[in-house]
Amino acid sequence: MAGARQPIDLIVKNGKSHMSKKQIVERKQTEIKANNNNIVAPNYLTNVQKEEFYEIARELQEIDILSNIDCNTLGRYVVSLSTFRKVAARLREIDIEDNVKDYDKLARLQKQLQDQCLSIEKEFG
């Protein structure tokens, strides 16, 4: 299954373009650009998560793949990533020999969060 169509600027920046300069110009002219003038962190994020939201948002705006309608998607990503980090920290604290059940439960949760983060990352290209 093919992935989502990426903006030509992102393809060129990644060095994966097989198109001629003329084709790149033509594609740029036909691409629809969504507004990115109102990037606001969702209210459900903590202050620390909002800081990370805006940091990632700046990076995504630099490569022109973030628009106003992506704010909730990015918010979900930040929540998933934050939770992933907490679970990873807790796993490092657990002695696996003494707490196999707890370790297994957290390892499964970590895998789910990792998959969730990866899925959202793919939405952004």
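**View 1. Helices α4 and α5 are roughly antiparallel to each other****.** In this predicted model, the axes of α4, which covers residues 71-93, and of α5 cross at roughly 155° and come within 9 Å. Because angles over 145 degrees count as roughly antiparallel, the crossing at roughly 155° places α4 and α5 in that class. The handedness of the crossing, in which α4 passes α5, is left-handed. Seen in the context of the whole chain, the secondary structure consists of five helices and zero strands, and the order of elements from the N terminus on is α-α-α-α-α.

**View 2. Helix α5 covers residues 100-124 and has the span expected for its 25 residues****.** At 1.5 Å a residue, α5 should span 36 Å, and this agrees with the 36 Å that lie between its end C-alpha atoms. Leu106, Gln110, Leu113, Cys117, Ile120 and Phe124 are buried residues of this helix. For the chain as a whole, 32% of the 125 residues count as buried.

**View 3. Ala107 is located in helix α5****.** With a relative accessibility of 26%, Ala107 counts as partly exposed, because buried residues are those under 20% and exposed residues those over 50%. Between Ala107 and Arg90 the separation in sequence is 17 residues, while their C-alpha atoms are 9.9 Å apart in space.

**View 4. Phe53 and Tyr54 form an aromatic pair****.** The count of aromatic pairs comes to one, and in this pair of Phe53 and Tyr54 the ring centres are 5.2 Å apart, with 90° between the planes. The pair is classed as edge-to-face, because planes over 60 degrees apart count as such. The two partners are described by their accessibility as well: Phe53 is buried, its relative accessible area being 0%, whereas Tyr54, at 32%, is partly exposed.

**View 5. Cys71 and Cys117 are shown in a structure that holds zero disulfides****.** Cys71 has a relative accessibility of 8% and therefore counts as buried, since the cut-off for that class is under 20%. Cys117, which is listed among the buried residues of α5, has a relative accessible area of 5%. A disulfide is a covalent bond between the sulfur atoms of two cysteines. In the model, the number of disulfides is zero, which means that no pair of cysteine sulfur atoms lies within 2.5 Å.

Note on methods:
Residues numbered from 1 in each chain as written. Predicted model: local features only at pLDDT ≥ 70, side-chain atom pairs only at ≥ 80, totals over all residues. Heavy atoms only, no water. Phe/Tyr/Trp six-rings, centres within 6.5 Å; stacked < 30°, edge-to-face > 60°. Buried < 20%, exposed > 50% of the residue type's maximum accessible area, 1.4 Å probe, protein only. Helix = DSSP H or I, 4+ residues; strand = E, 2+ residues; numbered from the N terminus. Expected span 1.5 Å × (residues − 1). Axes fitted to C-alpha atoms, helices over the stretch in contact; angles between N-to-C directions. Parallel < 35°, antiparallel > 145°, perpendicular 65-115°, else oblique. Left-handed = near helix turned anticlockwise from the far one by under 90°.
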